[in-house]
Amino acid sequence: MQVEKYKIDEFNNSIESAHKRKFDFVAADVNKLEDILKKLADFQVAIPSWALGTGGTRFGRFPSKGGEPRSLEEKIEDVGLLHALNRSSGAISLHIPWDIPSNAKSIKALAAQHGLKFDAMNSNTFQDQPDQKHSYKFGSMQHTDKAVRKQAVEHNIEVIKYGVELGSESLTVWLADGSCFPGQLNFRNAFQNTLESLQEVYAALPDAWKLFVEYKAFEPNFYSTTVGDWGQSLLYASKLGPKAYTLVDLGHHLPNANIEQIVSLLLMEGKLAGFHFNDSKYGDDDLTVGSINPYQLFLIFKELVEGMDTRGMNHASDLGWMIDASHNVKDPLEDLLQSVEAIMVAYAQALLVDEKALKEAQLSNDVVRAQEILQTAYRTDVRPLVAEARLRAGGALDPVAFYRTQDVRGNLVKERGAKTVATGL
Ligand code: PSV
Ligand code: MN
Ligand code: MN
């Protein structure tokens with residue numbers, strides 16, 4: 001389904017005067033307004049191909065209204081649709097073998113037609129595929145059997161090859177490897193095997209490529225995880241070399257972890273790859289970004305903006321910004337629009353922080369002032385700024401409202417049928 005630009009314009013016209021009122025009110029107090037609007041317009045968040053269908057839990061999966069993408073082509077069309085509405089979803093992140101680009105040339109052309117790039121490629125050694133020789137039941141890169149490790153390495157190298165064809169420049173490796181019971185494995189052997197396997201993958205990286213090592217404290221293994229936290233990921237990334245970085249998935253920490261501090265130190269070390277954004281109350285809940293703890297998201301962005309500016313980094317292109325969320329009670333496209341919006345809002349709030357005043361407050365140990373500075377930025381309603389940046393970029397002032405008034409889901413159901421199930425998870 002293609003959204004026609006004149007429909008977006010008509011919709012925007014119908015709510016523009018209300019928008020203008022709100023925008024003028026907030027803009028009056030914003031320093032460097034044009035600079036902030038440009039940064040917001042440049043910022044792009046990659047959509048995971050596996051989030052476009054209705055998710056499930058291990059207890060079940062409930063049917064959606066339908067209209068889910070049935071192929072990689074339709075997934076690209078869905079991301080194109082999101083991007084047409086918010087102008088901030090200009091990339092897609094693929095998971096292999098869920099989304100094998102059998103004809104990379106035409107897939108790349110289709111993506112370009114929608115203004116989309118290919119963000120990090122994701123490998124999968126956490127499931128057994130039907131035609132697979134060795135099982136990953138007891139791990140992949142950590143496995144005691146060299147043949148299993150080799151199979152996992154070869155799979156990752158194959159994923160890089162697909163990525164090269166599509167113009168991606170990074171590989172994210174998330175390993176489910178670990179153990180469920182004490183004594184099941186030798187921690188150091190598991191680490192060494194994993195390192196050796198990652199070294200083989202690293203050696204196959206093309207020049208411009210980066211390797212992102214994603215960590216996770218738990219699940220599906222519940223006693224130990226072989227890339228369990230940022231310390232372990234950083235250890236692998238440091239031993240691997242300059243092209244290896246740590247990827248932070250917000251849901252992969254133990255409860256109440258201070259993620260903003262982790263982010264700040266990884267940035268300082270030049271080892272932060274980027275993010276899998278989502279939100280969580282308990283574990284790896286993969287809930288809509290900003291739905292549970294928007295203040296934490298703001299604090300993370302505050303560290304990012306300050307840390308990236310200190311290092312002279314480009315906000316839009318020097319880190320990988322991706323969503324990793326999946327839903328069983330929401331329309332996945334509406335959910336993704338909400339997630340991107342939450343990211344843009346947190347980013348805009350972080351751009352409003354008075355860094356100079358904050359530094360002074362920190363130097364004089366004025367704790368109250370420091371808190372006031374942060375919360376002044378956080379409590380500013382920046383939604384009109386985000387909407388203005390989107391409007392200027394040709395998007396819809398209110399993407400979710402547009403999606404509903406145009407009955408986009410209904411049209412997708414008409415086009416694709418009510419009984420579609422997205423490929424992947
Ligand atoms: C694992 O929980 C994870 O966060 C990894 O990024 C996977 O690639 C993704 O979810 C999909 O299962
Ligand atoms: Mn993830
Ligand atoms: Mn996860």
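This report describes a predicted model, moving from its ligand shell and annotated domain to its nonpolar core, a pair of strands and two exposed residues.

The shell around ligand 1 is formed by Trp50, Asn122, Trp174, Glu214, Lys216, Asp249, His276, Asp284 and Asp324. By residue class, this shell divides into 5 charged, 2 polar and 2 nonpolar members.

An unreviewed UniProt entry carries the annotation "domain: Xylose isomerase-like TIM barrel", which according to that record covers residues 101–286. In the model, the span 101–286 is 37% helix and 16% strand, and the C-alpha atoms at its two ends lie 26 Å apart.

Two strands can be described together with the ligand shell. Strand E9 (residues 244–249) pairs with strand E10 in the parallel sense, over 4 bridges, and within this pairing Thr246 stands opposite Leu272 of E10. Strand E10, which runs over residues 272–277, is mostly covered, with 6 of its 6 residues buried. Asp249 and His276, which are among the residues around ligand 1, bear numbers that fall within the ranges of E9 and E10, respectively.

In soluble globular proteins, nonpolar side chains tend to be buried together. The largest nonpolar core of this model holds 110 residues, and the members that touch the most others are Leu40, Ile92, Val213, Tyr347 and Ala348. Helix H10 (residues 332–352) supplies the largest share of this core, namely 14 residues. Tyr347, one of the members with the most contacts, touches Leu40, Phe43 and Phe301 when residues up to four places away in sequence are left out of account.

Two exposed residues complete the description. Arg379 is found in the loop that lies between helix H12 (367–378) and helix H13 (383–392), and it counts as exposed because 11 other C-beta atoms lie within 10 Å, where the cut-off for exposure is 12 or fewer. Gln2 is found in the segment before helix H1 (5–27), and Gln2 likewise counts as exposed because it has 10 C-beta neighbours inside 10 Å. For each of these residues, the table sets a separation along the chain beside the corresponding separation in space.

| Residue pair | Separation along the chain | C-alpha separation |
|---|---|---|
| Arg379 and Gln113 | 266 residues | 38 Å |
| Gln2 and Ala84 | 82 residues | 8.9 Å |

Methods. Residues are numbered from 1 along each chain as its sequence is written. Chains are lettered from A and ligands numbered from 1 in the order in which they are written. This is a predicted model: local features need pLDDT of at least 70, side-chain atom pairs count only at pLDDT 80 or more; totals for chains, interfaces and linings use all residues. A residue is near a molecule or strand if its C-beta atom, placed from the backbone, lies within 6 Å of it. Ala, Val, Leu, Ile, Met, Phe, Trp, Tyr, Cys and Pro count as nonpolar, Asp, Glu, Lys and Arg as charged, and the others, Gly among them, as polar. UniProt positions are given in the numbering used here, feature names are shortened, and annotations may be inferred rather than shown by experiment. A nonpolar core is a set of buried Ala, Val, Leu, Ile, Met, Phe, Trp, Tyr and Cys residues joined through C-beta atoms within 7 Å. A residue is buried if 20 or more other C-beta atoms lie within 10 Å of its own, exposed if 12 or fewer, and partly exposed in between; C-beta atoms are placed from the backbone. Two residues are in contact if their C-beta atoms, placed from the backbone, lie within 7 Å. Two strands pair if DSSP finds at least two bridges between them.
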